[in-house]
Amino acid sequence: MTAGPHIPESGTPSEQPVDWPALRALARGAMARAYAPYSGYPVGAAGQVDDGTTVSGCNVENASIGLSLCAECGLVSELYARGGGRLTAVSCVGQDGVPVAPCGRCRQLLWEHGGPGLLVDGAAGSRRLSELLADPFTPEHLAR
């Protein structure tokens, strides 16, 4: 069995400046391609990677609702399809283009690929992921 990724318990935001308007625009573009016929709630997500590149994703629903994928799932899939890296900033937007908070499941997903210092866009400004997910499940729990 190979070791999983190391997720630091403390993290600091990237030294790279975050262009929030550009990330929101990328998220809005992804949201426009969402497949949301059941909820009618399209979501797009865009992330800045530690190498300065960006990734995006949109929600893809399924008639079996539990099989639906959130926009952040698509974002992380693109991150790894492009070779990996660490997310440093993420913006998720709804149909009106305004930032929305990632759901609990996606906060856990983002923790794994960005860590506690990941900056998350919000209507009231950005916050570290550690403020949104206070007690994540980490690979260290599996080693116990």
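**Figure 1. The open sheet of five strands in this predicted model**. The strands of the sheet follow the order β2-β1-β3-β4-β5, and their pairing is mixed. Because β2 (54–58) and β5 (127–128) each have a single partner strand, they stand at the edges, and one side of each is left without a neighbour in the sheet.

**Figure 2. The pairing of strands β4 and β5**. Strand β4, which covers residues 119–120, pairs with β5 in the antiparallel sense, and two bridges join these strands. Within this pairing, Leu-119 is found opposite Arg-128, a residue of β5.

**Figure 3. Helix α1 across the sheet strands**. The helix, formed by residues 20–31, lies across β1 (44–49), β2, β3 (87–93) and β4, and α1 runs at about 55° to β3.

**Figure 4. The surroundings of Val-100**. Val-100 belongs to the loop that lies between β3 and helix α3 (104–114). When neighbours within four places in sequence are left aside, Val-100 is in contact with Tyr-41, Val-43, Cys-92, Val-93 and Gly-94. Val-100 and Asp-121 are 21 residues apart along the chain, and in the model their C-alpha atoms are separated by 8.0 Å.

**Figure 5. The largest pocket and its lining**. The volume of the largest pocket is about 240 Å³. This pocket is lined by 15 residues, of which Tyr-41, Val-43, Asn-59, Cys-70 and Ala-71 are the closest to its centre. Sorted by class, the lining is made up of 10 nonpolar, three polar and two charged residues. Tyr-41 and Val-43, which are listed here among the residues closest to the centre of the pocket, are also among the contacts of Val-100.

**Figure 6. Confidence along the chain**. The average pLDDT of the protein chain is 90, and 90% of the residues score at least 70. Over residues 1–13, however, the pLDDT is below 50, although in the model this stretch has 23 contacts beyond near neighbours in sequence. Where pLDDT is low, the predicted coordinates should not be read in detail.

Notes
Residues are numbered from 1 along each chain as its sequence is written. This is a predicted model: local features need pLDDT of at least 70, side-chain atom pairs count only at pLDDT 80 or more; totals for chains, interfaces and linings use all residues. Side-chain values use heavy atoms; hydrogens and water are left out. pLDDT is the predictor's confidence in each residue, from 0 to 100. Contact means heavy atoms within 4.5 Å. On a 1 Å grid over the protein atoms alone, a cavity is a set of points where a 1.4 Å probe fits but cannot get out, and a pocket is an open set with protein on both sides within 12 Å along at least five of seven lines; lining residues have an atom within 4 Å of a point. Grid points are joined across faces, edges and corners, and a volume is the space filled by probe spheres set on the points. Ala, Val, Leu, Ile, Met, Phe, Trp, Tyr, Cys and Pro count as nonpolar, Asp, Glu, Lys and Arg as charged, and the others, Gly among them, as polar. Two strands pair if DSSP finds at least two bridges between them. Helices (H or I, at least four residues) and strands (E, at least two) are DSSP runs, numbered from the N terminus. Axes are lines fitted to C-alpha atoms, for helices over the stretch in contact, and angles run from 0 to 180 degrees between N-to-C directions.
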